[in-house]
Amino acid sequence: MWDQLIIGYLAGIIEGEGTITFNKWNRQTPSPKIAVAMTDKDTIQRLYDVSGIGNLTGPFIRGNYQPIYKWTVYSNADVTRLLLAIAPIMSERRREKILEAAECLKIRSAFKKCVVCDRSYQGQPNQMYCSKPCHNKSSNDKRKTSR
Ligand SMILES: [Zn+2]
């Protein structure tokens, strides 16, 4: 299991440097993979060590550029686990890819859209708000309009 510190670390690096891409192969449903590529070998090694998942590749050398190292999570089970862990703290710019990946992994129902702030979040089937503040805001608005 990952604690909150590890989840925060993984999310922060994936937010800044990660990519979510889709392997099409021959299948009907593409498999999402999550990768981080960096010239900093230490960081890539740490991603692998703290997460306990994925693969390390590199160095990839292109011309006179610094060698690139890469951490890639391929397996559907690992991508699912990672996405569910980091999604709540990822920014909106990642949402489209996360939802696309969730669709492929058949975990789309775990992600909902808050009716107040539009953020995606994970919640119970009957839940409509991402957080308590949004829930409160919604009931305050209702109170105002009914006055
Ligand atoms: Zn909200």
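Which residue in β2 is the bridge partner of Thr21? Keep that question in mind; the tour will reach it. One thing to know before you start: this is a predicted model.

**Stop 1: the whole protein**

Show everything as a cartoon. Look for 5 helices and 6 strands. Colour the chain from the N terminus and follow the order of elements: α-β-β-α-β-β-α-α-β-β-α.

Now turn the model around. The C-alpha atoms fill a box of roughly 70 × 35 × 30 Å along the principal axes. The radius of gyration is 18 Å, while a compact globule of 147 residues would have one near 15 Å. Of the 147 residues, 18% count as buried.

**Stop 2: two domains**

Select residues 4-109 and give them one colour; this is domain 1. Select 114-147 and give them another; this is domain 2. The C-alpha centres of the two domains lie 31 Å apart. Where they touch, domain 1 supplies 6 residues and domain 2 supplies 4 residues. On the domain 1 side, the touching residues divide into 4 nonpolar, no polar and 2 charged.

**Stop 3: the open sheet**

Find the open sheet of 4 strands. Its order is β1-β2-β4-β3, and the pairing is antiparallel. A word on how such sheets hold together: strands pair through backbone hydrogen bonds, either parallel or antiparallel.

Select 18-23 for β1 and 55-60 for β3. These are the edge strands, and each pairs on one side only. Look along the sheet next. Neighbouring strands are turned by 30° against each other on average, direction ignored.

**Stop 4: from β1 to β2**

Show β1 and β2 together. They pair in the antiparallel sense over 6 bridges. Here is the reply to the opening question: select Thr21, then Lys33 in β2, its bridge partner.

**Stop 5: from β2 to β4**

Select residues 31-38 for β2 and 68-73 for β4. These two strands run antiparallel, joined by 5 bridges. Pick out some facing residues:

- Ile34 stands opposite Val73 in β4.
- Val36 stands opposite Trp71 in β4.
- Met38 has Tyr69 in β4 as its bridge partner.

Stay on β4 and show its side chains. Which residues lie on its covered face? Tyr69, Trp71 and Val73 do. The uncovered face has Ile68, Lys70 and Thr72.

**Stop 6: from β4 to β3**

Add β3 to the view. β3 and β4 pair in the antiparallel sense over 4 bridges. Select Phe60 and you will find it opposite Ile68 in β4.

Move to Gly58 and Pro59. A cis peptide bond joins them, with omega about 0°. Pro59 has its place in strand β3. For background, most peptide bonds are trans.

**Stop 7: helices against the sheet**

Select residues 76-86. This is helix α3, which packs on the sheet and touches β2 and β4. The direction of α3 makes about 70° with that of β2.

Then select residues 95-104. This is helix α4, lying across β1 and β2. Helix α4 runs at about 35° to β1.

**Stop 8: Pro88**

Between α3 and α4 there is a loop, and Pro88 lies in it. Is Pro88 exposed, buried or partly exposed? Pro88 is partly exposed, because it has 15 other C-beta atoms within 10 Å, and a residue needs 20 or more to count as buried.

Now show Tyr121 and Gln122. Pro88 touches both, not counting residues up to four places away in sequence. Select Phe111 as well. The C-alpha atoms of Pro88 and Phe111 are separated by 9.3 Å, though the two are 23 residues apart along the chain.

**Stop 9: Lys106**

Finish in the loop between α4 and β5 (111-113), where Lys106 lies. Lys106 has a positive phi of about 60°, although it is not a glycine. In general, most residues other than glycine have a negative phi.

How many other C-beta atoms lie within 10 Å of Lys106? There are 11. Lys106 is therefore exposed, as the cut-off for exposed is 12 or fewer.

**A last look back**

Zoom out to the full chain. Among contacts between residues at least 6 apart in sequence, 44% join residues at least 24 apart.

Methods. Residues numbered from 1 in each chain as written. Predicted model: local features only at pLDDT ≥ 70, side-chain atom pairs only at ≥ 80, totals over all residues. Rg over C-alpha atoms; globule rule 2.2 N^0.38 Å. Contact = placed C-beta atoms within 7 Å. Domains from an automatic or database assignment. Nonpolar A, V, L, I, M, F, W, Y, C, P; charged D, E, K, R; others polar. Pairing = 2+ DSSP bridges. Axes fitted to C-alpha atoms, helices over the stretch in contact; angles between N-to-C directions.
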